[in-house]
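Here are my notes on the model you sent round. Have it open while you read, since I jump between strands a fair bit.

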Amino acid sequence: VQLAESGGGLVQAGESLRLSCAQSGRLYSNYAMGWFRQAPGKEREFVAAISLSTGYTVYADSVKGRFTISRDRAKRTVYLQMNSPESEDTAVYFCAWALQYYSREYTYTDEHEYSYWGQGTQVTVSS
């Protein structure tokens, strides 16, 4: 599994930005993809995740109502639409991939559930 992120950059507070993460390599039928972020001097934290098979989504409270995660199953790509970003959203955003088994339950928020990670893309929100 390989992950390729794109869409990061510099954005003014209140403007919109969309991140993309495309998965290539072996094809799986049941998996999730998520976004985590790490700001300078802080630990990596969960942002949002989606099940590629069901479309089920999970969001961190800090981004709920402002960010939207979506998927294109055919392209094996997930998107993170960032609306009304704030300076506190400045971080390196990482895409992650998690294989899922139908018999198990997942939190989607625990980074240990994810087996593959992208290189990260910088998002800087200027106020």
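The points below go through the sheet, the disulfide, the core and the aromatic contacts.

1. Before anything else, keep in mind that this is a predicted model. Whatever I say about distances and angles comes from computed coordinates of that prediction.

2. Start with the open sheet. Four strands make it up, in the order β1-β3-β8-β7, and the pairing is antiparallel. The edges belong to β1 (2–6) and β7 (67–72); each has a single partner strand, so one side of each is left without a neighbour in the sheet. On average, neighbouring strands here are turned by 15 degrees against each other, direction ignored.

3. β8 is a good strand to look at inside that sheet. On one side, β3 and β8 run antiparallel and are joined by 6 bridges, and Ala-22 stands opposite Thr-77 of β8. On the other, β7 is joined to β8 (residues 77–82) by 6 bridges, again antiparallel. For the register of that second pairing, check that Phe-67 has Met-82 as its bridge partner and that Arg-71 has Val-78. β8 is also mostly covered, with 5 of its 6 residues buried.

4. The turn between β7 and β8 deserves a quick look too. This hairpin has 4 residues between the strands, and Arg-76 takes a positive phi near 55 degrees there. If you go through the backbone torsions, you will meet Arg-76 in that hairpin.

5. Which cysteines are joined by the disulfide? They are Cys-21 and Cys-95, with the sulfurs 2.0 Å apart, and the structure holds 1 disulfide. The bond links distant parts of the chain: Cys-21 sits in β3 (residues 17–24) and Cys-95 in β9 (residues 91–99), 74 residues apart. The torsion about the S-S bond is about -85 degrees, so this disulfide is left-handed. As for the surroundings, Cys-21 is buried, at a relative accessible area of 0%, and Cys-95 is buried as well, at 0%.

6. Now the core. Nonpolar side chains tend to be buried together in soluble globular proteins. Here the largest nonpolar core has 36 residues, and the members touching the most others are Leu-19, Met-33, Trp-35, Val-47, Leu-80, Met-82 and Tyr-93. At least two residues come from each of β3, β4, β5, β7, β8, β9 and β11 (121–126). Which strand gives the most to this core? That is β9, with 6 residues. Met-82, one of the well-connected members, is the residue we met above as the bridge partner of Phe-67.

7. β11 is a neat strand to show a student. In a regular strand the side chains alternate between the two faces of the sheet. In β11, Thr-121, Val-123 and Val-125 form the covered face, while Gln-122, Thr-124 and Ser-126 form the uncovered one. Its pairings are worth following as well: β2 (residues 9–12) runs parallel to β11 over 4 bridges, with Leu-10 partnered by Thr-124. β9 and β11, in turn, are antiparallel and joined by 3 bridges, and Tyr-93 stands opposite Thr-121.

8. On aromatics, a search of the whole structure finds 8 pairs. One of them is Phe-36 with Phe-46, an edge-to-face pair at 5.5 Å centre to centre and 75 degrees between the planes. Because Phe-36 lies in β4 (residues 31–38) and Phe-46 in β5 (residues 45–51), the pair ties together parts that are 10 residues apart in sequence. Are these two rings' residues buried or exposed? Phe-36 is buried, at 1% relative accessibility. Phe-46 reaches 12%, which still counts as buried, since the cut-off is under 20%. Elsewhere, ring pairs link Tyr-28, Tyr-31, Trp-97 and Tyr-116 into a cluster.

9. Last, have a look at Arg-44. Its charged end sits over the ring of Trp-117, 3.9 Å from the centre. The charged end of Arg-44 also sits over the ring of Phe-94, in that case 5.4 Å from the centre.

Terms used: Residues numbered from 1 in each chain as written. Predicted model: local features only at pLDDT ≥ 70, side-chain atom pairs only at ≥ 80, totals over all residues. Heavy atoms only, no water. Pairing = 2+ DSSP bridges. Axes fitted to C-alpha atoms, helices over the stretch in contact; angles between N-to-C directions. Disulfide = S-S within 2.5 Å. Buried < 20%, exposed > 50% of the residue type's maximum accessible area, 1.4 Å probe, protein only. Phe/Tyr/Trp six-rings, centres within 6.5 Å; stacked < 30°, edge-to-face > 60°. Lys NZ or Arg CZ within 6 Å of the ring centre and 35° of its normal. Core = buried A, V, L, I, M, F, W, Y, C linked by side-chain atoms within 4.5 Å.
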